[in-house]
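Hello,

Here is the structure I promised to pass on to you. My notes on what turned up in it follow below, and I hope they are useful when you open the file.

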Amino acid sequence: MNYLQQRVAKDKSFSFEVLIVDDGSADGTNKVAFELVRRYSIDNVRVILLRKNRGKGEAIREGMLHSRGELLLMLDADGATKVDDLEKLECQIRALAEKELHLDGAVPSGAKFSDAAIAAFGSRAHLEKKAIATRKWYRNFLMKGFHVVVLLTAGSGIRDTQCGFKMFTRAAARKLFTNIRLKRWCFDVELVYLCKRLSIPMIEISVTWSEIPGSKVSARSILHMLWELALMSVGYRTGMWEIRK
């Protein structure tokens, strides 16, 4: 909130909203969230309550489809990525959108950069060598194995699909999140797959990231991720999952 308010102070044309999606938590998160609404007003902070835990993918989908902005950023609440890194993603999207909208040499009347469907993926790939050197061997084995499965399922293009820091233009978010079906861990991989099928340009941008204690990813989570990837592969390749364009 401090960062966003500082941007408003510098640029009066800048506006924002923060959506907090509470995925059926039982730890008092909703009370903290509504306190932020009272403090900053409902124009700037809104809360979406999912009464039952549905999974991270479903929580992100709800947030994206309820958002009102031209640029939509998803970020994890643990603060692992520096929030001002959103400017890196924003600048790259704006630059690519200008090229997209100037294809015929002139910007269409009334067009906004958010009309160009573009997805920007924050990435920790540049930190991989350091992570491999400090992780246990079995965690590295699982990580490499997961990367191979992702490559086989969604194809190449994005090295780090799982970083919780992604930005979409409004046009891209509407196309992607009305189609997404995976509700838990692997929705990020499905986003990459959908971007390719919907011809949405993807940008991968290095971000400042630090590991936050308390990760909930377990061996059981990894098995669930593999199940989701298998489900996605079968769903799209057999035509059971239709993509609305």
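Glu58 counts as buried, because its relative accessibility is 5% and the cut-off for buried is under 20%. Its salt-bridge partner is Arg54, with the closest N and O atoms 3.6 Å apart. Arg54 counts as partly exposed, at 34% relative accessibility. Please keep in mind that this is a predicted model.

The pair belongs to a wider group: Arg54, Glu58, Arg61, Glu62 and Lys183 are linked in a network of salt bridges. Within it, Glu62 bridges to Arg61, and there the closest N and O atoms are 3.7 Å apart. Glu62 is buried, with a relative accessible area of 14%, while Arg61 is partly exposed, at 22%. Side chains of opposite charge can pair when their charged atoms come close.

Another pair you may like to look at is Asp85 and Lys88, whose side chains meet in a salt bridge (3.8 Å, N to O). Asp85 counts as buried at 5% relative accessibility, and Lys88 is partly exposed, with a relative accessible area of 38%. A search of the whole structure finds 14 salt bridges.

Back to helix H3 (56-66): Gly57, Glu58, Ala59, Ile60, Glu62, Gly63 and Met64 are buried in it. What covers these buried residues includes strand E1 (18-23), strand E2 (45-50), E3, strand E5 (165-169), H7 and H8.

Met64 also leads into the nonpolar core. The largest such core has 33 residues, and those with the most contacts inside it are Met64, Phe168, Leu176, Phe177 and Ile200. Among the elements that give it two or more residues are H3, strand E3 (71-75), strand E4 (119-123), helix H7 (170-177) and helix H8 (187-197). H8 provides the largest share, seven residues. Leaving aside neighbours within four places in sequence, Phe168 is in contact with residues including Met64, Leu72, Ile93, Ala119, Leu176, Phe177 and Leu191. A second, separate core of 19 residues includes Leu101, Phe113, Ile118 and Ile205.

Finally, a word on confidence. The chain averages a pLDDT of 86, and 86% of the residues score at least 70. Over residues 131-135, pLDDT stays under 50, and the model has six contacts beyond four places in sequence for that stretch. Where pLDDT is low, the predicted coordinates should not be read in detail.

Best wishes

Key. Residues numbered from 1 in each chain as written. Predicted model: local features only at pLDDT ≥ 70, side-chain atom pairs only at ≥ 80, totals over all residues. Heavy atoms only, no water. Core = buried A, V, L, I, M, F, W, Y, C linked by side-chain atoms within 4.5 Å. Buried < 20%, exposed > 50% of the residue type's maximum accessible area, 1.4 Å probe, protein only. Helix = DSSP H or I, 4+ residues; strand = E, 2+ residues; numbered from the N terminus. Contact = heavy atoms within 4.5 Å. pLDDT = per-residue confidence, 0-100. Salt bridge = Lys/Arg side-chain N within 4 Å of Asp/Glu carboxyl O.
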